[in-house]
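Here are my notes for you on this model. Keep the structure open beside you and look up each residue as we go.

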Amino acid sequence: MWQAFRNGSVYNLRAGDTAVDDPHGGHPWGPERSVRARVVAWLLLDGPPALSGRVSSLKLQGVQITDVLDLAGGTIVPYVELKGCRFEKEVLLPEAHFTTVRLVDCSVPRLEAARVHTEGDLHLPRCRFHNGVRLTDAHIGTDLLLNQAVVFRDRRGKSIMADGMSVGQDLQAEMLETHGELSLRGATVGVSLSLRGSRLSNTHGRRALNAPQMTVERTLYLTPAGLGDPRQTSGSTPARGTRVQRFECVGGVRLDDGRFGDAIDLDSARFTLENDQEVSFRRVQTPELRFLGERPQRGLMVLSGAKVVNLVDRSTSWPVAGQFRVSGFQYENLIPVGSFPLTRRLNWLADATPEYRPEPYEQLATILRNSGEDADAREVLLAKQRRRRETLPLAAKVWGYIQDWTVAYGYRPGRAAVWMAVLWGVSTVAFGHADHPPLKPGEGPHWDSALFTLDLLLPVIDLGQSGSWQLRGGWQWLAAVLVLLGWILATTVAAGATRLLRRG
């Protein structure tokens, strides 16, 4: 091993039997495959110089490292790559400085690496950690790989504790399997965070993923991964026809106050929640939210205060009434996937706001109007008035029903025009039997009940009829009612015509 280190070559102690060489299997490895952790630390911290023309590096395969590997606070210059190795006890790397570290398919009781610093990558694919991983405040210069790793919880219920961690480029944790809380509070990822095909589970705590105030410069992927035979998944969306493994989460998710530069992608994501658990996106900001996951059967989905530009959603992805909240949720464009009729969208708004609030309706109406769907925008505003009506006192509620039945709160001007025509016809017949002496005998126009009624109904316009005849008793009251109704109906028709002209 000493000579291999100086030569930069691989020190391989594999037996050649797949079952025996499996670091996670039950076959014991004897002294002939064991190396003391103290010797490994000696090589890395103060090893011999490289041979002439070579670069020293520690490359081990099929080796069992006994005792605790303690590199805390050390500066390790050589490249480190361990494949298919077993660690007898925990690995201690807090505040250590590395160039690049790769542990591939290794069995590790626990990795303690708080404030570890790497100039290059930290690769931990296909490793199995039996008592958790700690990467609190770690600084990874380029990529952090956790693809296909399996991480069990520690005594505090955490599988991976990486609060305050920074990753210079990608954090790839595709097909990761965790059994405890994955904590990324305040973490920063320079490019994308991929949890494609991962299975996060925390049956002993409230949350499986706890990542408030996280910053991801590009995209957070909670999407499927291809199930080919990639040793390390490619990080791309599986091609059509590829057998896939979806992202699954058993336990709550918290992404509150997160910032995501491109998108949050929830395509086909499955969340299994208890009644008191939630998937929380409170005050999240991102240009695009792809809300295309599977509808959760229990728990709560919260988007209160979130701000997105494009909301890409599917009607079957939203939970049922009472299981999601969108108070203060702001979005600028709607991009539905599949059928999402307006009636279903209005039900979605009602389901999301147990207590009436006008803002969600006005926001949806504005978006529809900006996209040229003026009729749909009016339907949304009409639904807003109907929802508001249920919060009013009895008298105002009755008046609201009258407005709705007659002129639909002014959002269906055609109905107002029909009512004007009906009133005109009925009143024309009625006034044909009215006593109507002229105000100035011998002067004024000839009596015409149709023109007289039209003069009463049309505000502003003077046809010279209503001011020329004198009405008494009930006819005078009927004329006053027609004037009032004329103002209401004509204003409604004019407002509708104005909206149509503005749209044109």
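1. Let's start with a word you'll need: a residue counts as buried when its relative accessible area is under 20%. Take Met-175 in this predicted model. Its relative accessible area is 11%, so Met-175 is buried. You'll find Met-175 in the loop between strand E22 (171-172) and strand E23 (177-179). Its backbone is worth a look too: phi is near 55°, a positive value in a residue that isn't glycine.

2. Arg-126 has a positive phi as well, near 60°, and again the residue is not a glycine. Arg-126 sits in the loop between strand E14 (122-123) and strand E15 (128-129).

3. Now step back to the sheet. What is the order of the strands in the open sheet of 11 strands? Reading across, you get E5-E8-E12-E16-E20-E24-E28-E34-E38-E40-E42, with parallel pairing. The edges are strand E5 (69-70) and strand E42 (324-325); each has a single partner strand, so one side of each has no neighbour in the sheet.

4. Zoom in on one pairing inside that order. Strand E24 (residues 181-183) and strand E28 (residues 207-210) are parallel and share two bridges. If you want a spot to click on, try Leu-182, whose bridge partner in E28 is Leu-209.

5. Strand E39 is another good one to trace. Strand E36 (residues 263-265) runs parallel to E39, and two bridges join them. Ile-264 is opposite Leu-289 of E39. E39 also pairs with E41, again in the parallel sense, this time over six bridges. There, Gln-285 faces Lys-307 in E41.

6. On to the aromatic rings. The structure has seven aromatic pairs. In one of them, the ring centres of Phe-291 and Trp-318 are 4.0 Å apart and the planes make an angle of 15°; planes under 30 degrees apart count as stacked, so this pair is stacked. The two residues come from distant parts of the chain, 27 residues apart: Phe-291 belongs to strand E39 (residues 285-291), while Trp-318 is in the loop between strand E41 (307-313) and E42. Both Phe-291 and Trp-318 are buried.

7. Compare that with Tyr-331 and Trp-348, an edge-to-face pair with 6.4 Å from centre to centre and 65° between the planes. Tyr-331 is in strand E43 (residues 330-336) and Trp-348 is in helix H4 (residues 342-352), so the pair ties together parts that are 17 residues apart in sequence. Are these two buried or exposed? Tyr-331 has a relative accessible area of 5%, so it is buried. Trp-348 is at 1%, so it is buried as well.

8. These two pairs belong to something shared. Phe-291, Trp-318, Phe-324, Phe-329, Tyr-331 and Trp-348 make up one aromatic cluster. Try selecting the six side chains together.

9. Rings turn up with charges as well. The charged end of Arg-33 sits over the ring of Trp-29, 4.0 Å from the ring centre. Likewise, the charged end of Arg-196 sits over the ring of Tyr-221, at 3.9 Å from its centre.

10. How many cavities of 30 Å³ or more does the structure hold? There are four. The largest has a volume of about 90 Å³. Among its 13 lining residues, those closest to the centre are Leu-69, Leu-71, Val-80, Val-101 and Leu-103. Helix H3 (37-46), strand E6 (79-83) and strand E10 (101-104) each give at least two residues to this lining. By class, the lining has 13 nonpolar residues, no polar and no charged ones.

11. The second largest cavity has a volume of about 70 Å³. It is lined by 13 residues, and Leu-146, Leu-171, Ala-173, Leu-182 and Leu-184 lie nearest its centre. This lining also divides into 13 nonpolar, no polar and no charged residues. Leu-182 is the residue you met opposite Leu-209 in E28.

12. Last stop: Pro-224, in the loop between strand E30 (219-221) and strand E31 (225-226). Its relative accessible area is 13%, so Pro-224 is buried. Between the C-alpha atoms of Pro-224 and Leu-58 there are 35 Å, and the two residues are 166 residues apart along the chain.

Methods. Residues numbered from 1 in each chain as written. Predicted model: local features only at pLDDT ≥ 70, side-chain atom pairs only at ≥ 80, totals over all residues. Heavy atoms only, no water. Pairing = 2+ DSSP bridges. Helix = DSSP H or I, 4+ residues; strand = E, 2+ residues; numbered from the N terminus. Phe/Tyr/Trp six-rings, centres within 6.5 Å; stacked < 30°, edge-to-face > 60°. Buried < 20%, exposed > 50% of the residue type's maximum accessible area, 1.4 Å probe, protein only. Lys NZ or Arg CZ within 6 Å of the ring centre and 35° of its normal. 1 Å grid on protein atoms, 1.4 Å probe; cavity = no way out; pocket = protein on both sides within 12 Å on 5 of 7 lines; lining within 4 Å. Points joined across faces, edges and corners; volume = space filled by probe spheres on them. Nonpolar A, V, L, I, M, F, W, Y, C, P; charged D, E, K, R; others polar.
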